[in-house]
Amino acid sequence: MSGIPQSNEISSGLLVGSARNRVEVSFEFFPPTSDALADKHWQALMRLAPLGPKFVSVTYGAGGSTRERTHALVSRIRQETTLEPAAHLTCVGASKGEIEEIAERYWQSGIRHLVALRGDPPEGFDAFKPHPGGFAGSVELIDFLKKKHDFEISVGCYPEIHPEAKSSLADIDYLKRKMDAGATRAITQFFFDPEVYLRFVDRARAHGITIPIVPGILPVTSYSKIHQFSRQCGAQVPAWLTHLFEDLDEDPATRNLVAAMVASEQCLQLQRAGVTDFHFYTLNRADLVYSVCHTLGLRPEKNQITC
């Protein structure tokens, strides 16, 4: 029965993470849009907490639309759990004085990690427009924050080039400027081809970028949303992915199984290439991300007290 894989072939293909490179993970959540969703979102966070993430980040709506909810969630994480929270902070719709006030509020609340981003244009605007009294972009924001306090600062980067970048070289040069301003980690926009990420890291290293470049992984919870996100950020949706998710928008059970398979294989390929850090865009849904982490070899930390 030569067509049936032997057990050693199966285990080699799955590449159980605990037997090789021990991975570290971080998770991104967005703040609940209403009080009614707050408990549901907290349960999702607590589902992933036993995996011992390096940090948990909380996004910041366009134009600061979720500013108070972001602050409330990261403060709750700091006060009620042993997790390390990271708050997103953008340049959109805020003066330098307002950003200084927000940063100081975070520091006084015990928040030491910020994800500093230029930010997407608010709804109804096609392009980013600096606030008259604000920052022109993320490099200025990073420099300001580092001079204000010794924050740990994560930043974004684009393996498939930022949609507004003049060239791939200009895009990598801008990432280098972020590092020189004080960024301590870069987290990539989502992608689906592991080779895209690996080539990007090689180019970045050749350009003198030495900070960790963590792959951002987005499990496909909705194929239509993936297309929407990809149009906004310039990520490519390969034809094979389209084929896999055909006719599954109304079949969530099958879609979740396929999504777990795709994300797990993507991460395992990266792990085989030596990648040990992963950042998951959870979309506030824990089970799919949990299953991918399990495939990578992560298990709940025994006796961990998270809240």
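These legends go with a set of close-up views of a predicted model.

**View 1. The whole chain, before zooming in, has eleven helices and nine strands.**
Of the 307 residues in the chain, 49% are buried. Take the contacts with a sequence separation of 6 or more: residues 24 or more positions apart account for 79% of them. Salt bridges come up in several of the views below, and a search of the whole structure turns up 14.

**View 2. Nine strands make an open sheet with parallel pairing.**
Reading across, the order is E7-E6-E5-E4-E3-E2-E1-E9-E8. Which strands sit at the edges? They are E7 (213-214) and E8 (216-217), and each of these pairs on one side only. At the E8 end, two bridges hook E8 up to E9 (residues 277-281), with the two strands running parallel. Look there for isoleucine 217, which stands opposite phenylalanine 280 of E9.

**View 3. Strand E6 sits alongside E5, and the two run parallel.**
Four bridges join this pair of strands. One spot to pick out is cysteine 157, whose bridge partner in E6 is threonine 188. E6 itself covers residues 185-188. Side chains in a regular strand alternate between the two faces of the sheet. Here, Arg185 and Ile187 point one way, while Ala186 and Thr188 point the other way. Are these four residues of E6 buried or exposed? All are buried, Arg185 included.

**View 4. Helices H7 and H10 pack at an angle of about 35°.**
Two packed helices are described by the angle between their axes and the distance between those axes. For H7 (residues 194-206) and H10 (residues 252-272), the axes are 9 Å apart. H7 passes H10 in a right-handed crossing. On the H7 side you'll find Pro194, Tyr197 and Leu198, and they meet Gln266, Gln269 and Leu270 of H10. By type, the residues of this contact split into four nonpolar and two polar, with no charged ones.

**View 5. A salt bridge between arginine 118 and glutamate 164 ties together distant parts of the chain.**
The N to O distance is 2.9 Å. Arginine 118 belongs to the loop between strand E4 (113-117) and helix H5 (138-148). Glutamate 164 belongs to the loop between strand E5 (152-157) and helix H6 (168-181), and the two residues are 46 residues apart. How buried or exposed is each partner? Arginine 118 is buried, at 19% relative accessible area, whereas glutamate 164 comes out as partly exposed at 47%.

**View 6. Within helix H5, lysine 147 and aspartate 143 form a salt bridge.**
Their side chains meet at 3.1 Å, N to O. Why do these two line up along the helix? They are four residues apart in H5, so about one helical turn separates them. An α-helix has 3.6 residues a turn, so residues three or four places apart point the same way. Lysine 147 is exposed, with 66% relative accessibility, while aspartate 143 is partly exposed at 30%.

**View 7. Glutamate 100, in helix H4 (residues 96-108), touches Phe144 and Lys148.**
Those two contacts leave aside residues up to four places away in sequence. Leucine 141 is another marker for this view: 41 residues along the chain from glutamate 100, with a C-alpha separation of 9.9 Å. Glutamate 100 counts as partly exposed, at 32% relative accessibility.

**View 8. Two more sets of charged side chains: a pair and a network.**
Arginine 272 and glutamate 265 meet in a salt bridge at 3.0 Å, N to O. Arginine 272 is partly exposed at 33%, and glutamate 265 is partly exposed too, at 32%. The network is made of Glu24, Lys54 and Asp277, linked by salt bridges.

**View 9. Helix H11 (residues 286-295) has a set of buried residues.**
They are Ala286, Leu288, Val289, Tyr290, Val292 and Cys293. What covers them? The cover includes strand E1 (24-29), helix H2 (35-48), H10 and E9. Just after H11, check out glycine 297, which takes a positive phi of about 105°.

Notes
Residues numbered from 1 in each chain as written. Predicted model: local features only at pLDDT ≥ 70, side-chain atom pairs only at ≥ 80, totals over all residues. Heavy atoms only, no water. Axes fitted to C-alpha atoms, helices over the stretch in contact; angles between N-to-C directions. Left-handed = near helix turned anticlockwise from the far one by under 90°. Contact = heavy atoms within 4.5 Å. Nonpolar A, V, L, I, M, F, W, Y, C, P; charged D, E, K, R; others polar. Salt bridge = Lys/Arg side-chain N within 4 Å of Asp/Glu carboxyl O. Buried < 20%, exposed > 50% of the residue type's maximum accessible area, 1.4 Å probe, protein only. Pairing = 2+ DSSP bridges.
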